[in-house]
Amino acid sequence: REDLWVREGKILNPEKLFFDEKGSADIQLDCKDSIIAPGFIDVQINGGFGVDFSLATDDLKPGIDLVSQKILSHGVTSFCPTLVTSPPSVYHQILPQMSIRNGGAHGAGILGAHLEGPFISKEKKGAHPEHCLRTFEAGAFQDLLATYGSLDCVRIVTLAPEMKRSSEVIRELTKRGICVSLGHSVANLSQAEEAVQHGATFITHLFNAMLPPHMLVHQPSCFGLTQLAPLWEDQHGTVLGAAAGAAAKLTQPLSVRSSGLVLVTDAIAGMGLAPGRHTLGQQVVEIDGLNTYIAGTKTLSGSVATMDTCVRHFQEATGCSVETALEAASLHPAQLLGIEHKKGTLNYDSDADFLMLNDGLYVQATYIAGEEVWRRDALGM
């Protein structure tokens, strides 16, 4: 019910304007009873609109530009382009072409790459090609560097914590400010706990590609960490995130703390396109309705959900508050990446990346640094 004041790309404290500067607004905009919320942040998106971030190319920029522009209409103001398990040659070709950049009229901002694999479990590889999977050998962290080629623009790495020498890799990544996420794993609880002790703070697409929740009594797994999250927060100041994309079945969520839940799309190249066959890195993927599978199988492979769809589904399926649903797509991913001081909130002095939504949580307009970058027209397009 309040006004949102913006100046020079930041959210402004109006008291300073009124009392210190004796100023007033230069431009006023009637939001017409819209909900104003922080811009969405997608930390796991493999591509969309025909673009596959894991597909080897010498000219990645047009594809990145297309996706970053298209996702503005879905409320995403920042994202982490995600590469699935690939041969080293693909990482060496793609990663040097990626760069962190601010968002604007050209598209959503890029926060850094999310590398999902290849250091993951064969048993829980999901849609990741087995012949490209790797383990940590004697070099451990040097093995990782040799595989990726560069970590300059990397923000998140998903790995399986049960792999030998993973602890030293987690420590080294964490030292460099890279978020380590646990996923595609058959780790037991003690292995997962050890990973957290060495710096891991996230779980990739919770419920998927890990031991199922009903196994917890007999063989506690990564999922068990969500039950220990309050303990870890008390002891280590760490909030465990749990990513939940369209594939996750959230209709009957277990007792996962909503304060650690991060919604992701896990979207593939087919997002925004008609059903058919597309790629996900080395694999051919088929869209069947709202589901995506490795062609010819029933192995789930990402999704074609958009972020605003994920937010609405989460709110409707769980009955959580609107605030909880919105925070899972904005505040929580910002906290995960350590950027909550400038993104993911409407706090004073934070970046003016925000959305206008109607009561049904459909995006009406998207703003980055206080500038309108997308608006739904009168025809609802």
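How many of the 381 residues of the protein, as a percentage, count as buried? The answer is 52%, where buried means under 20% relative accessible area, exposed over 50% and partly exposed in between, with a 1.4 Å probe and protein chains only.

The exercises below concern a predicted model, in which local features need pLDDT of at least 70 and side-chain atom pairs count only at pLDDT 80 or more, while totals for chains, interfaces and linings use all residues. Residues are numbered from 1 along each chain as its sequence is written, and side-chain values use heavy atoms, with hydrogens and water left out.

**Exercise 1. Describe the protein as a whole.**

Step 1: the protein has 10 helices and 20 strands; these are DSSP runs, numbered from the N terminus, with helices (H or I) of at least four residues and strands (E) of at least two.

Step 2: among contacts with a separation of 6 or more, 67% are accounted for by residues 24 or more positions apart, a contact being heavy atoms within 4.5 Å.

Step 3: the exposed surface comes to about 16900 Å², of which carbon and sulfur atoms supply 50%, with areas from the Shrake-Rupley method and a 1.4 Å probe; for residues, only the protein chains shown count as cover.

**Exercise 2. Work out the surroundings of S86 and S181.**

Step 1: S86 is placed in the loop between strand 7 (76–84) and helix 3 (88–94), and because its relative accessibility is 0%, S86 counts as buried.

Step 2: the side chain of S86 reaches the backbone oxygen of V84 at 2.8 Å, and, once neighbours within four places in sequence are left aside, S86 is in contact with S54, Y91 and C132.

Step 3: S181, by its place, belongs to strand 11 (residues 179–182), and it too has a relative accessible area of 0%, so S181 is buried.

Step 4: the side chains of S181 and T204 are joined by a polar contact of 2.7 Å, that is, a pair of N or O atoms within 3.5 Å, where within protein one must be able to donate a hydrogen and the other to accept it, and residues adjacent in sequence count only if both atoms are side-chain atoms. Not counting residues up to four places away in sequence, S181 touches several residues, including I156, L159 and F202.

**Exercise 3. Classify two of the aromatic pairs, and locate two charges that sit over rings.**

Step 1: a search of the whole structure finds 6 aromatic pairs, rings of Phe, Tyr and Trp (its six-membered ring) being paired if their centres lie within 6.5 Å, with planes under 30 degrees apart counted as stacked, over 60 as edge-to-face and the rest as tilted.

Step 2: the ring centres of Y91 and Y148 are 5.0 Å apart and the planes stand at 80°, so this pair is edge-to-face. The pair links distant parts of the chain, with Y91 in helix 3 and Y148 in helix 4 (residues 141–148), 57 residues apart. Y91 is buried at 0% relative accessibility, and Y148 is buried with a relative accessible area of 1%.

Step 3: for F354 and Y367 the centres are 4.7 Å apart and the planes at 10°, so the pair is stacked. F354 lies in strand 18 (residues 354–357) and Y367 in strand 19 (residues 363–368), so the pair ties together parts that are 13 residues apart in sequence.

Step 4: Y91, F119, F136 and Y148 form one aromatic cluster.

Step 5: K298 lies over the face of Y293 at 4.5 Å from the ring centre, and the charged end of R312 sits over the ring of Y362, 3.8 Å from its centre; the criterion is NZ of Lys or CZ of Arg within 6 Å of the ring centre and within 35 degrees of the ring normal.

**Exercise 4. Identify the backbone features that call for inspection.**

Step 1: most residues other than glycine have a negative phi, and most peptide bonds are trans.

Step 2: G117 and P118 are joined by a cis peptide bond, with omega about 5°, and P118 is found in the loop between strand 9 (113–116) and helix 4.

Step 3: R165, a residue other than glycine, has a positive phi near 70°; R165 lies in the loop between strand 10 (154–159) and helix 5 (166–175) and is partly exposed, with a relative accessible area of 37%.

Step 4: A369, also a residue other than glycine, has a positive phi near 50°; its place is in the loop between strand 19 and strand 20 (371–375), and A369 is partly exposed at 35%.
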